[in-house]
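Hi,

Here is the structure I promised to pass on. Have a look, and my notes follow underneath.

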Amino acid sequence: MSEEVVGEILELPQSQHEHKQMPGEEQEAVAQATEISIESLEEGNVQFQDEVSAVKQVLFQDQDDDSNSDYGSHGKPGTVLQRLVPDGNVLFPDIFQTNQLLFYERFKAYQDYMLGDCRTSEVKDFTAEYLEKVLEPSGWQAVWRTEVFEVLIEVVDVEYLVLKAAVELVTPFLCETKGCELTEESMKDLLDAKEHKVPLQELYVVYDESGEFDQTALAVEHVRFFYKHIWRSWDEEDEDDDFDYFVRCVEPRLRLYYDILEDRVPSGLVAEYHCLVSQCEEKYKEFTSLRNCISNSDSESELDNVSMVEGLKMYDDLESLKRKLKIIENPLLRYVLGYQVNSGLQSNRAKGPRPTGERVVHVVSSSMTVSQLQTLMRDKLCPDFSGEEFELQFHSDPLAAVNACYEGDVVVICPGHYSVNGSFSIPDSIELEGFGLTDEVVIEKLGKGDIFLDLTGANVKISNLKFVQHDAVEGILCVRQGKTVMENCVLQCETTGVTVRTSAELFMNICDLYGAKGAGVEIYPGSTCSLVGNGIHHCKEGILIKDFTDEFYTMPKITMMNNVIHNNEGYGVILVKPADLPRMKKTTEEDFQDESKENGGQKKEADEEEVPPAEGCVEENNPFREPHTQEHTEGNDVITNELVATSSKKSQLQKKKMIELGLTMADDDLMSQEMFVSINGNHFKRNGKGSFGTFFY
C-alpha cells in the first residue's frame, strides 16, 4: 500500500469534519477527493491481500501441500502415483505403482504415521490405528495375488486389527493361474472356505486417476513391505520391549534393505544375512513348537526333562543367530565385525591341479580377426606355451575364464574393454596377463558391492592390465593369503586401493594406483609388502601401515624403493599404532638404548621423550612440505626411523612378555627378524600433510 493512500486514510476524519463547515463548491471537491481515497484504499487492500496470500503460500506450503505425503491426496483432483501394467496373458486393469518408493518415503511413513515411538508389543495396535485413518473401508478394487493365482476382486470391508479385507469377485471374472486351472465356481468355493477374507498384504490396488485411492494404495504397500522385509516373527518376544521399536529395529533394517538394493553391501555379506534370517526363522519355529509341547504337558517325566534341555540349547542357538543379525543390521558394526567374520565366504575353495594333468591357456577376446590371432600365436602362445601339457580354450568374458581355471592355468586377455558384473576370486596359483599395452586391456567392474580382486592363491601373478572400479564399497584388490605379484598394472579405484592382510605377501612393481577415497595401499601387521617403482597418487592417504595389534603380531616386512607418492590429500605414508601402554613406559633407558645401538636406529633420549599423544591424534614427525627436493630425500629416513623405533618398542614388549612367562627369545636382533627391509629412493611430492605421519589411537 502506498504512503499517499495511507496519508489520505489518516487525514480522512479531519477532512470529513471540515466538510460540514465548507461552502457548496468546496464540499463537492472534498466529496470527490474522498471518493478517490476510498477507491484507492480498496485497491490497496486488494493488493495487500494478494501479497499476504503469496507470503502465506511460501511460508506454509509444506504444511498445506500434502502431495508428497504418504497420506495421499484427499480433496485434490488427480492422482500423484504412477500406474503399472500387470504382466501376463489376462487383461487385468492397471494397478498403482508403489513398489519403487524411496528410502525417505518409507522412513517418513513408518516414523511419522504408522509406528511412531511404539513398543514392539504395540506394533499391531499402531498399525491398525494407522489403517483406520487412511484406508478406504470399501468400494475399491484390487488384484489378489498369490504364488498360485491372480484374480480381480472388490473390497467390501476391512478388518484392521487382523490385517484382512472382506472381498467379492468382480464381474466379469478375471483370473490367471500358475500351474493349475481355477474356474469361477472353484474360486467362489475358495473364498467361501476363507469366509471371503484375504490378507491385505496380498492385494494390489487398481489404478484410479481421481486420486481418491492414493492413500489406500500407499497404506497397503507400507503394510506389505513392513511384514515382508522389516518384521521378524521373534520380535514380539524381544526383551527390550520398553524401547522404541522404530529406532531399534525398523530404521537399521530399512537402511540395510536399501543398501543391499543399491549394491552398497558385499554379496558375500548379503548371502550370509539372508542365510542367517532363514536359519533364525527355522530355529524359532522349532523352539516355539517345543515350548508349546512342554507347556501343554502336565507330567514331569524324563522325556520332558530332555525336552527342556533341548529347548535351552535351541534358545541359546536362537540368541546367537539374532546377535549375528543385529551386527549386520547395525551400519556401524556391519563392516567392523560382520564382514571381517564372514570375509572367508568371499573366496572360493582352491581346485588344485586339473584331474587330467594338463594345463590350460584361456584366451579372452570379445572378437578377434585372423591377423590378430596370428599375432597372438606368433608373439605369445607359440614362444611360451608350445609344450604338450598346454591346452587352448577361448572365452569372451575374463571372469568366466578365471572361474574355469585350475592350478597352474594361464589367462591371456586380448585388447578390449571388458565390463564385469562380479568379483575375481582367485584361490589357485594362476597367471592373469594382458596381451598388449596396459591402457588397451581394460577390465571395468559393474556394481559396487564387492571387492574387485580377492586373492588367496599360493602364487598368483597379474600383469599388463588396467582395472577400473566405480562407486564401490570394498577396495579394488585384497591379498588375503598366499603370494601375489603385480607388474605393470593400472588400478583406478574409488575406495581403499590395495589391501595386504596378515600373513599375505604382495610384490607390486611398476604399477600406477590412484583415486582411492581411503588409503592407496593398506599394509596389515605380519604381512610382507614390496613396492618398487610405483606411482601412488590422488588418494586420501598414500600408504597406510597398520600396527593396531600391539605385541601379538610382528611389524610388517616392508620394502619401498623408487616409488613416487604424490598429490595425496593426507600423508604420503601414515603409521597407525596404539598410544604407549604403561608397561612400555617402564622399559628401562639402558635396555632401550642397547636395542637402538644393535639395530643402528636413532632414538630419542629417555629424558627427551614426551607424553604419548592423545587418542586419535596425528603426529607429523617432520613437516616436509617445501621444498620438495628436501621432502623426498629426508622422507625415507623419517619412515625408516619411525618403523625401527616402533619395531624396537614392540620387541621390548615381546621380550618382557617372554621373561614373565619364564622363556627366552632366540634372537633379539631387529634386522635379523626382517621386520624392516628397505625404504629408500622414494619421492614424496605435494602431499597435503607431508611425507609421513603417525596416527595414535
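By buried I mean under 20% relative accessible area, by exposed over 50%, and by partly exposed anything in between (1.4 Å probe, protein chains only). On that scale Cys529 is buried at 1%, whereas Cys382 is partly exposed at 41%. The structure has zero disulfides (pairs of cysteine sulfur atoms within 2.5 Å).

This is a predicted model, so to speak of local features I need pLDDT of at least 70, and side-chain atom pairs count only at 80 or more, while totals for chains, interfaces and linings use all residues. Residues are numbered from 1 along each chain as its sequence is written, and side-chain values use heavy atoms, without hydrogens or water.

Now the cavities (on a 1 Å grid over the protein atoms alone, sets of points where a 1.4 Å probe fits but cannot get out; lining residues have an atom within 4 Å of a point). There are two of 30 Å³ or more, and the second largest has a volume of about 40 Å³ (the space filled by probe spheres set on the points, which are joined across faces, edges and corners). Its lining is Ile95, Phe96, Thr98, Leu203, Tyr204, Val205, Ala217 and Arg224. Strand 8 (203-205), strand 2 and helix 7 each give two or more of these residues (DSSP runs numbered from the N terminus: helices are H or I, at least four residues; strands are E, at least two). Strand 8 has the largest share, with three.

Happy to chat whenever suits.

Notes. 1 Å grid on protein atoms, 1.4 Å probe; cavity = no way out; pocket = protein on both sides within 12 Å on 5 of 7 lines; lining within 4 Å.
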